[in-house]
Structures are given as C-alpha cells and as structure tokens.
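Reader: I should like a close examination of one enclosed space in the model, followed by an account of its wider setting. Please define each term with its cut-offs as it arises.

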Amino acid sequence: MKRKIAVAAALASVLTAAACSSSSSTGSTKQATLSTDGKGKTINVWLMQDAQKGWPAVVDAAKKQFTAETGANVNIQWQTWTNYSTKLDTALLSGNAPDALELGNTQTAKYIAANSFVDLTSVKDKFDNSSSWLDSLAASGQSADHSKTYAIPYYAGARIMIYRKDLFTAAGVTTPPTTLAELTADLTKVKAANSKVPNFSALYLPGKNWYTAVSFGAGSYGVDNVIAKSDGSKFTGTLTDPAFLQGIQTWNTLQKSFSVGGTTVDETTQDALMAKGNIAAIIGNGWEVGAVTDPKTGDPSLASKLGTIAVPGTTAGQPTPAFLGGSDVAVPTHAANPGLGAEFLRIFTNTAQQTALAKFAIPNNKTLLTAYEAAAPANAAAGAAAAGKTWFIPQSQFWSQASDEVALQTAFSAIAAGGDATTALTTAQTTILGDLNGG
C-alpha cells in the first residue's frame, strides 16, 4: 500500500511541477477564459467512444455551433476507457495535452490535486444550468473543499432496481414498492410464490457489490462524507459510525432474507444470472436492462417483463441514495488553446446539447431530468435516483480502485457471509484511511 501511495504522490508531484514550469501557463493559478478568437485555428478534443456510438449528433451539433461562433475547427480524437489514465498521464507530462478532454468522474481528483486542469471557477456561471448541476457529479470536478471548479459535469449514470414485473404480479404485487418496508413485504410475497424454484433470489444482492451496500449505509448516515471525511488535512473514517452501520444492517437483512448464492461474488454476472429466470430483482445500472435481454448473453423474451424503479428508501419519494457515476470534461493546464477549449466545453454542455443528450443518458443537471425521463419509460427510475440524494467516493487523489475498493468488497462479502459488520468495516477503514492519508 505504501508503495502505491508513493507512486501516486510522485505522479502528482511530477504533474504539478510540469504545470508550474510551463512557459505558456502560470501553473496552479491559471484561470479560465472563454475565447471566441479562433479564426484559422483547430482545437483538439478527447472524447470517449460512448458519444461516437451513442450520441454522435450531439457532438456534431456542438462542433458546428463552435465553428460558427469562433471560426475554429474541432478535431475530435476518440478514446477508449482501456488504459486511458496512462495515456492521459503521458500526454500531460509530455506537454501534448489536448485543448479539452473527457474523463471519468472517479479519475478527476488525481488531476485536480496535480494542478493539471485550468481553474474554471471564474467562468462557471457562463455554463448553462450550472446552478442545477447534479450534486455528486458537480462535486467530482471541484476542489476538496468545493470552493473551486476544475471540471464540468458531462453526463451521469445511477443504479436502480430492475425487476420482473410478471413474477411480482404473479405473487400478488401489482404496484411497485415506494418504501423499504413495502419492498420487504413485496419481496416476501415473491419469495413465497417461488419457493419451489431452485436457488431463487427475490432480490439478488451479491456481497461484493460495495456500491449497493454503501448506498444503504448512506441512506441512514447521509450522503455527505460517506466512507470518510476530511478536515482539510486529514481523513477520518465513517464506515463504523453507528448511523452508517444501521443502513448496512438493512442491506444485510435484505441480502440474508432474499438473496441466494452471491456472498462471495460481485455484480458482474448478475445480468446473465437474471436472464436464467431464478432472480426476480437486481440493483444495477439502467443499461443492464439491455444486458438481461441481450439476444446473445441474455433472454430477449424478458424485454416486456422487466420494470425499473429507484431503489426505495425509508420514506416514499426519497429513494435510497445512489452512487452517481459518469463523466466530467476539463481543460488541461498545458492546452495550446485553453480559452477555445473552455468555450467548446461551454457549448458542448449547453442546454441544447444536453437536451439532445438526454435521449441517451442522464444529463448533467436537474433542470433537464424531465427531458431524460420523457425519452423512454425505463428512464424514470434512473431520473428519480439522480434527482434524489446521491453520494460519491472521498475526493482524494489517493483513492485507489485496487486497494480501497477491494477492501470494501472484502468487508461486505464477509458481512454477507455472516461476519460481524463492525469488525469487517474496521479492517476496511484502516486500509482506506492509510491510503487517503498517505500512510
């Protein structure tokens, strides 16, 4: 763990030093401008292939408007998530960064800490709907104290409950549950109606799906400072807080009562398992509906039988908080044309483009969630989840997928298998705080 922290710290130091030594910038103090002086210029923009495959018309419309207003052309360089961090690190260190780029919101903190992105705080109010950006998505692009904005929210994804309407109806459940109490009562009926089905799960909750487990913890603890909190210089853990443990008990009760065979696995196989017919409900991303019904890996006959709702909370109309994943966009400090890069991002995330994007993904702001929900019946659940209280990982460059996420997976797997929650989460918390505090 210490070696991993040392490597991360070294990278942050190198990136920061590179930013500060550039003759074309003022390093960490570089402030954003919005430039329309682009005649004869071409800017380079890195975007993920998700847009190329899913909403290319949105990108084309932004390019057209940008060129009309600035005179500059846009060269979109399509990227893939595989090894993207390595490619981005190399570009930033070599001074060959694009003028604007997309990155996952769990990646952003590392680059903010390294002063790799232009400070967009002074122009934030020029971006459409900035006052209604989705809470957790906006937070991912901010400094740890949330006083400065370095990355702009692009689009989001939220986990929901995907369930078999036919199995619920057959069990006498004709109205989707709106509270955890109703969910428990409904699942009890579904379980009883399918008691003769081998390995049946009324609600499949694999133990290593830490996103779902933490969501229940956030439901009782709150979405602020979930997992860990910082006083500006040091992180302290919240995984063993009694309020958080209360939500984990709710998750564990549901897991023990209604889930079969998943205590030592994660959620990666749940779509294929649901397609086999012995799972009535899962908690996953909205796109997993398509995975369950995929002709090659799932069962297309289930398409008309699946329903979606936001995961119910203790009170009707207040879902269990969802982890809000997604993408941000930013301007690298070493961009050749930072003002034009920022202007492109302003246009790319404006109301017109985000409204068009809402046909395919959750837009970056609450104002346009109604457009997203109207685009398809299944979108209502994810829209409700995104509109509600959401949570995000600790805003630190030292958060590690390889260490901290594994620690959480191990802890919740142990709890699901019958282990003591406080003991398991204390062990995970020790690992996570060691990472976050550079131990």
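What is the volume of the largest cavity?

Author: The largest cavity has a volume of about 100 Å³. Of the 14 residues lining this cavity, R159, S215, I283, V311 and P321 are the closest to its centre. Two or more lining residues are given by each of α9 (210-221) and β9 (322-330). The largest share, four residues, is that of α9. By class, the lining of the largest cavity divides into ten nonpolar residues, three polar and one charged. The whole structure holds two cavities of 30 Å³ or more.

The structure is a predicted model, in which local features require pLDDT of at least 70 and side-chain atom pairs pLDDT 80 or more, whereas totals for chains, interfaces and linings use all residues. Numbering starts from 1 along each chain as its sequence is written, and side-chain values rest on heavy atoms, with hydrogens and water left out.

Several terms used above have fixed meanings. On a 1 Å grid over the protein atoms alone, a cavity is a set of points where a 1.4 Å probe fits but cannot get out, a pocket is an open set with protein on both sides within 12 Å along at least five of seven lines, and lining residues have an atom within 4 Å of a point. Grid points are joined across faces, edges and corners, and a volume is the space filled by probe spheres set on the points. Ala, Val, Leu, Ile, Met, Phe, Trp, Tyr, Cys and Pro count as nonpolar, Asp, Glu, Lys and Arg as charged, and the others, Gly among them, as polar. Helices (H or I, at least four residues) and strands (E, at least two) are DSSP runs numbered from the N terminus.

Helix α9 also leads to two other sites. In the loop between α9 and β5 (228-230) lies I227, a residue other than glycine whose phi is positive, near 80°. I227 counts as buried because its relative accessibility is 1%; buried means under 20% relative accessible area, exposed over 50%, and partly exposed in between (1.4 Å probe, protein chains only). The second site is G247, in helix α10 (residues 242-258). G247 is buried, with a relative accessible area of 3%. Beyond its neighbours within four places in sequence, G247 is in contact (heavy atoms within 4.5 Å) with F216, G217 and S220.

Strand β9 connects the account to helix α16 (residues 379-387). In α16, the residues N379, A381, A382, G383, A385 and A386 are buried. The cover over these residues includes β4 (151-164), β8 (306-309), β9, α15 (369-375) and β10 (390-391).

An open space may be set beside the enclosed one. The second largest pocket has a volume of about 920 Å³. Its lining comprises 37 residues, and S143, A144, H146, P394 and Q395 lie nearest its centre. Each of α5 (108-113), α6 (135-140), β5 and β10 supplies at least two lining residues, and the largest share, four residues, comes from α6. This lining has 17 nonpolar, 14 polar and six charged residues. The C-alpha atoms of P394 and G247, 147 residues apart along the chain, are separated by 19 Å.

The loop between α5 and α6 includes three further residues to consider. One of them is S122, which counts as partly exposed at 44% relative accessibility and touches Q31 and A32, residues up to four places away in sequence not being counted. Another is N129, which is buried with a relative accessible area of 18%. Leaving aside neighbours within four places in sequence, N129 is in contact with T351, N365, T367 and L368. In this loop, too, is S130, which counts as buried at 14% relative accessibility. Leaving out residues up to four places away in sequence, S130 touches K124 and D125. A polar atom of the S130 side chain lies 3.3 Å from the backbone oxygen of K124.

Helix α4 (residues 84-94) completes the description. Its residues Y84, L88, D89, A91 and L92 are buried. Seen down the axis of α4, these buried residues fall within an arc of 165°, so they line one face of the helix; the arc is that of the directions from the helix axis to the C-beta atoms. The loop between β2 (73-79) and α4 contains N83, which has a positive phi of about 60° although it is not a glycine. N83 is exposed, with a relative accessible area of 57%. Just after α4, G95 takes a positive phi of about 80°.

Notes. A polar contact is a pair of N or O atoms within 3.5 Å; within protein, one must be able to donate a hydrogen and the other to accept it, and residues adjacent in sequence count only if both atoms are side-chain atoms.
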